[in-house]
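Colleague: I have a new model open and little practice in reading one. Could you take me through it step by step?

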Amino acid sequence: GRTNETFYLPDGDAIPGVSLTNRVLQVCPGLRKVQVIQETLKDFRIRYVAGPEFGQADLSLLSTNLSRFFPAQVEWKFERVDAIERERSGKTRFCISLVRRPSSALPVKLD
């Protein structure tokens with residue numbers, strides 16, 4: 001099965017990446033593929049492949065959805081790419097966290 005990483009946030013919350021799939025990302029029809037990369041506790045990079053129907057409204061909607069799900073101190077940088085690379089396994093990693101679990105992290109929330 002697929003595994004997704006957990007995002008650890010500045011307020012101590014932890015959010016499983018899998019919870020973003022339906023609630024945040026799949027509601028933007030102009031985006032063909034999306035990859036969320038957590039670089040620090042508060043810095044995230046959203047790599048995306050635009051589909052044929054892509055418009056600036058897709059990024060606005062994505063940003064709005066993310067701001068509802070994450071605390072205000074989290075910052076998003078959007079990066080348009082031609083493709084999102086596959087792992088050696090042949091799968092694409094949807095979520096990548098470069099942050100280790102802080103000792104103060106709360107249990108993972110799934111709501």
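**Reading the sheet and its strands**

Modeller: Start with one pair: Q38 stands opposite S97 in β6. Keep in mind that this is a predicted model.

Colleague: In which sense do β3 and β6 pair?

Modeller: The general idea comes before the case. Strands of a sheet pair through backbone hydrogen bonds, either parallel or antiparallel. Here β3 and β6 pair in the parallel sense, over three bridges.

Colleague: Let me step back. How many helices and strands are there in the protein?

Modeller: The protein has two helices and six strands. Read from the N terminus, the elements run β-β-α-β-β-α-β-β.

Colleague: In what order do the four strands of the open sheet lie?

Modeller: The order is β5-β4-β3-β6. The sheet is open and its pairing is mixed. β5 and β6 (95-97) are the edge strands, each pairing on one side only. On average, neighbouring strands of this sheet are turned by 20° against each other, with direction ignored.

Colleague: How do β3 and β4 run, parallel or antiparallel?

Modeller: They run antiparallel, joined by seven bridges. A hairpin of four residues links β3 to β4. One bridge to look for is that of Q35, whose partner in β4 is R47.

Colleague: And how many bridges join β4 to β5?

Modeller: Six bridges join β4 to β5 (residues 75-80), and these two strands run parallel. Two places show it. F44 has W76 as its bridge partner in β5. Y48 has R80 as its partner there.

Colleague: Which elements make the β-α-β unit, and what is its hand?

Modeller: β4, α2 and β5 make it, and the unit is right-handed. Now look at the helix. α2 lies across β3, β4 and β5, and runs at about 150° to β5.

Colleague: Why is β4 called largely enclosed by the rest of the structure?

Modeller: Count its residues. Seven of the eight in β4 are buried, so the rest of the structure largely encloses this strand. For the whole protein, buried residues make up 44% of the 111 residues.

Colleague: Which residues have the most contacts inside the largest nonpolar core?

Modeller: They are F7, L20, V36, F44, I46, F70 and W76, in a core of 21 residues. The elements that give two or more residues to this core are β3 (31-38), β4 and α2 (56-69). F44 is worth a second look: this core residue also has W76 as its bridge partner in β5.

Colleague: What about side chains along a strand?

Modeller: In a regular strand the side chains alternate between the two faces of the sheet. Try one residue on its own. R47 sits in strand β4 (residues 43-50).

Colleague: Is R47 buried or exposed?

Modeller: The cut-off for buried is under 20% relative accessible area. R47 has 9% relative accessibility, so R47 counts as buried.

Colleague: Which side chain does R47 join in a polar contact?

Modeller: The side chain of E85, at 3.2 Å. R47 also touches other residues beyond four places away in sequence, including K33, V34, I37, E79 and V81.

Colleague: How much of the contact count comes from residues 24 or more positions apart?

Modeller: Take the contacts with a separation of 6 or more. Residues 24 or more positions apart account for 68% of them.

Methods: Residues are numbered from 1 along each chain as its sequence is written. This is a predicted model: local features need pLDDT of at least 70, side-chain atom pairs count only at pLDDT 80 or more; totals for chains, interfaces and linings use all residues. Side-chain values use heavy atoms; hydrogens and water are left out. Buried means under 20% relative accessible area, exposed over 50%, partly exposed in between (1.4 Å probe, protein chains only). A polar contact is a pair of N or O atoms within 3.5 Å; within protein, one must be able to donate a hydrogen and the other to accept it, and residues adjacent in sequence count only if both atoms are side-chain atoms. Contact means heavy atoms within 4.5 Å. A nonpolar core is a set of buried Ala, Val, Leu, Ile, Met, Phe, Trp, Tyr and Cys residues joined through side-chain atoms within 4.5 Å. Two strands pair if DSSP finds at least two bridges between them. A crossover is right-handed if, with the strands pointing away from the viewer, the path from the first strand over the helix to the second runs clockwise. Axes are lines fitted to C-alpha atoms, for helices over the stretch in contact, and angles run from 0 to 180 degrees between N-to-C directions.
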